[in-house]
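Student: I'm new to this one and would like a close look at a single part. Could you take me through one of the sheets and what sits around it?

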Amino acid sequence: MDVLSSRILLNPKDPAVTTAFYRDILELAIYREFPGGTVFFLGGGFLEIVGRGEAGPTENVALWLQVRDLAAVVADLEGKGVVLDREPRREPWGLDEAWLSDPDGTRIVLVEIPSDHPLRVDVRAP
């Protein structure tokens, strides 16, 4: 398979509220808007808020968003009244994570990769 682009589709219960959350609270940049939907940049992919859903989120799905400075992002969100589901902490696998939810309850994992973590360090033999 030769994947040319990718995106996550969310069908929220209230599209206007969910779009405002990702646009105004998380401040994701808009890739494009069209009647009935908005597509946001997500680093190397996209998040599309489209249509309307009724079932709500599943605990088996989360958005994993890597950020440069987790403490600064958390402070900004808390300044906007966002209540975290879980405060920032270092996970056993070495990543710093904080959790929150969007208006429908979709879990969002904010991640900072520490400078000494193997994901950022060239572990190849010299």
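Tutor: Let's start with a word we'll need: two strands pair if DSSP finds at least two bridges between them. Keep in mind too that this is a predicted model.

With that in hand, go to strand S6 (residues 86-90) and strand S7 (residues 96-101), which pair in the antiparallel sense over three bridges. To find the match on screen, pick Arg86: its bridge partner in S7 is Trp99. S6 and S7 form a hairpin, with five residues between them. In that turn you'll meet Gly94, which has a positive phi of about 95°.

Now follow S7 to its other partner. S7 and strand S8 (residues 107-112) also pair in the antiparallel sense, over six bridges. Here Glu97 stands opposite Val111 in S8. As background, strands of a sheet pair through backbone hydrogen bonds, either parallel or antiparallel.

Put the pieces together and you get an open sheet of four strands in the order S5-S8-S7-S6, with mixed pairing. Strand S5 (62-66) and S6 stand at the edges with a single partner strand each, so one side of each has no neighbour in the sheet. On average, neighbouring strands of this sheet are turned by 20° against each other, direction ignored.

Next, stop at the loop between S7 and S8, where you'll find Thr106. Is Thr106 buried or exposed? Its relative accessibility is 9%, and the cut-off for buried is under 20%, so Thr106 counts as buried. Not counting residues up to four places away in sequence, Thr106 touches Leu10, Pro57, Leu63, Leu100 and Ser101.

A little further on comes Ile108. Leaving aside its neighbours within four places in sequence, Ile108 is in contact with a list of residues that includes Leu63, Leu65, Trp99 and Leu100. Phe21, Tyr22 and Leu26 are also among the contacts of Ile108.

That brings us to the largest nonpolar core, which has 21 residues. Which of them touch the most other members? They are Tyr22, Leu26, Leu28, Leu47, Leu100, Ile108 and Leu110. H1, S3, S4, S5, helix H2 (70-79), S7 and S8 each supply at least two residues of this core, and H2 gives the most, with three. In general, nonpolar side chains tend to be buried together in soluble globular proteins.

Let's pick up H1 from that group. The buried residues of H1 are Thr18, Thr19, Phe21 and Tyr22. Seen down the axis of H1, these fall within an arc of 155°, so they line one face of the helix. What covers them includes S5, S7 and S8 from our sheet, along with S1, S3 and S4. Just after H1, Glu27 takes a positive phi of about 60°.

Finally, a glance at the other sheet: four strands, open, in the order S1-S4-S3-S2, with mixed pairing. Its edge strands are strand S1 (7-10) and strand S2 (30-34), each pairing on one side only. From one strand to the next, the twist averages 15°. Helix H1 (residues 15-25) packs on this sheet, touching S1, S2, S3 and S4, and the direction of H1 makes about 150° with that of S4.

Technical notes:
Residues are numbered from 1 along each chain as its sequence is written. This is a predicted model: local features need pLDDT of at least 70, side-chain atom pairs count only at pLDDT 80 or more; totals for chains, interfaces and linings use all residues. Side-chain values use heavy atoms; hydrogens and water are left out. Axes are lines fitted to C-alpha atoms, for helices over the stretch in contact, and angles run from 0 to 180 degrees between N-to-C directions. Contact means heavy atoms within 4.5 Å. A nonpolar core is a set of buried Ala, Val, Leu, Ile, Met, Phe, Trp, Tyr and Cys residues joined through side-chain atoms within 4.5 Å. Buried means under 20% relative accessible area, exposed over 50%, partly exposed in between (1.4 Å probe, protein chains only). The arc is that of the directions from the helix axis to the C-beta atoms.
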